[in-house]
Amino acid sequence: MADRPTRPAPLPIMHVPVLTYHAVNIAGNDYACNDHVAFAEDLRLIDDLGLRVIPLQWVVDQLLGRAQRDLSRCVALSCDDGPNLDFHDVVHPVHGAQRSLYHCMADFVAERGPERQPLLHLTAFVIASPDARAHIDRGALFGLDWMQEDWWALAQRSGRIAIENHSWDHNHADVPGPGADGMPRGSFLAVDNRARADAEIAEAGRYIDARVTPHRTRLFCYPFGHIPDYVHREYLPQHGDVHGIEAAFSDGACPVGRGADRWNLPRYICGWHWKSPQALQAILQDATRT
Ligand SMILES: [Zn+2]
């Protein structure tokens, strides 16, 4: 009797919302105007809803067919720009003491026990250039040295945070002079050729990697959520040997599912796509419904 052809096992469900925070978003001490307060409360909400936090890299591994984990009812967490406030507590000049996102996770573990969210993890997309960080610190923040890199390796070694690539200098308007190849400042859409993309992405990866070794950056997050056609359609897909990036994230406000565009993966942004625990609950329940 001839063997029946074996049917391939069905692929596990993949429908993972990725939530994003900006630790410099502090306009008060309420949920709606403080990403630290929101983050701490959201960890409890995620747990109360019976959802599991997983590392963002797991979402990419699944998408690329490298892993076949059960990711049903999972959530991934990220934060952007890499201020010290991701890792260190600070005293805000107007709004007082602020618990870092890292310590909010530690507080959650102390409160609910390590077994509740054993994979609790945050991916921090940081800006590489020390010069650019210094200009952004003075121009867009308070000039209190909140854009340091000394915490990157500590955070990476903690096992709770992965340090990933948010470009060389964000092509931020506070960075003086033109960027690579005469690039005008203020928009990431200006990254429209090989020289500019190498300077913003590959160079950033090399700089960050040297500081978090043996970790190696593999994820990219588009500054301002701007997705230049050249980077999206050509540079990231075709020059992996140069930049080492496996997937790129933006702000599409839907869960990452099978068939998602690996060079433009969606995330939900705190303070934009949701401003209250009730709104986040609605997002999470909708996104993780199976
Ligand atoms: Zn940014």
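A salt bridge is counted where a side-chain nitrogen of Lys or Arg lies within 4 Å of a carboxyl oxygen of Asp or Glu. In this predicted model, glutamate 111 and arginine 112 meet that condition, with their closest N and O atoms 3.7 Å apart. Glutamate 111 is partly exposed, at 46% relative accessibility. The structure as a whole holds 21 salt bridges, and a few of them are worth a closer look.

One of these joins aspartate 80 to arginine 267, and here the closest N and O atoms are 2.8 Å apart. Aspartate 80 belongs to strand E4, whereas arginine 267 sits in the loop between strand E11 (256-257) and strand E12 (268-269), so the contact ties together parts that are 187 residues apart in sequence. How accessible are the partners? Aspartate 80 has 5% relative accessibility and counts as buried; arginine 267 is also buried, with a relative accessible area of 2%. Because buried means under 20% relative accessible area, aspartate 80 at 5% and arginine 267 at 2% both fall in that class.

A second example lies within a single helix. The side chains of glutamate 203 and arginine 206 meet in a salt bridge at 2.9 Å, N to O. Both residues are found in helix H6, three residues apart, which is about one turn of the helix. Glutamate 203 is partly exposed, with a relative accessible area of 33%, and arginine 206 is likewise partly exposed, at 46%. Elsewhere, salt bridges that share partners connect Arg44, Asp47, Asp48, Glu111, Arg112 and Arg116 in one network. The pair of glutamate 111 and arginine 112 described at the start thus has both of its residues in this network.

Next comes the metal site. The zinc ion has Asp81 (OD), His166 (NE2) and His170 (NE2) as its protein donors, lying 2.1 Å from the ion. Along the sequence, these donor residues follow the spacing D-x84-H-x3-H. Distant parts of the chain are linked here: aspartate 81 is in strand E4 (residues 74-81), and histidine 170, 89 residues apart from it, is in the loop between strand E8 (161-165) and helix H6 (194-212). Both aspartate 81 and histidine 170 are buried. Strand E4 therefore holds aspartate 80 of the salt bridge with arginine 267 as well as the zinc donor aspartate 81.

Aromatic contacts complete the picture. A search of the whole structure finds eleven aromatic pairs. Among them, phenylalanine 87 and tryptophan 151 are stacked, with 6.0 Å from centre to centre and 15° between the planes. This pair, too, links distant parts of the chain: phenylalanine 87 lies in the loop between E4 and strand E5 (90-92), and tryptophan 151 lies 64 residues apart from it, in the loop between helix H4 (130-139) and helix H5 (152-158). Both phenylalanine 87 and tryptophan 151 are buried. In contrast to that stacked arrangement, phenylalanine 142 and tryptophan 146 pair edge-to-face, at 5.7 Å centre to centre and 75° between the planes. Phenylalanine 142 is partly exposed, with a relative accessible area of 43%, whereas tryptophan 146 is buried, at 6%. Tyr21, Phe39 and Trp274 come together in one aromatic cluster.

Finally, two arginines are placed over aromatic rings. Arginine 69 lies over the face of tryptophan 58, 3.7 Å from the ring centre, and arginine 211 lies over the face of tyrosine 207, 3.5 Å from the ring centre.

Key: Residues numbered from 1 in each chain as written. Predicted model: local features only at pLDDT ≥ 70, side-chain atom pairs only at ≥ 80, totals over all residues. Heavy atoms only, no water. Donors = N, O, S within 2.8 Å, 3.2 Å for Na, K, Ca; no water. Helix = DSSP H or I, 4+ residues; strand = E, 2+ residues; numbered from the N terminus. Buried < 20%, exposed > 50% of the residue type's maximum accessible area, 1.4 Å probe, protein only. Phe/Tyr/Trp six-rings, centres within 6.5 Å; stacked < 30°, edge-to-face > 60°. Lys NZ or Arg CZ within 6 Å of the ring centre and 35° of its normal.
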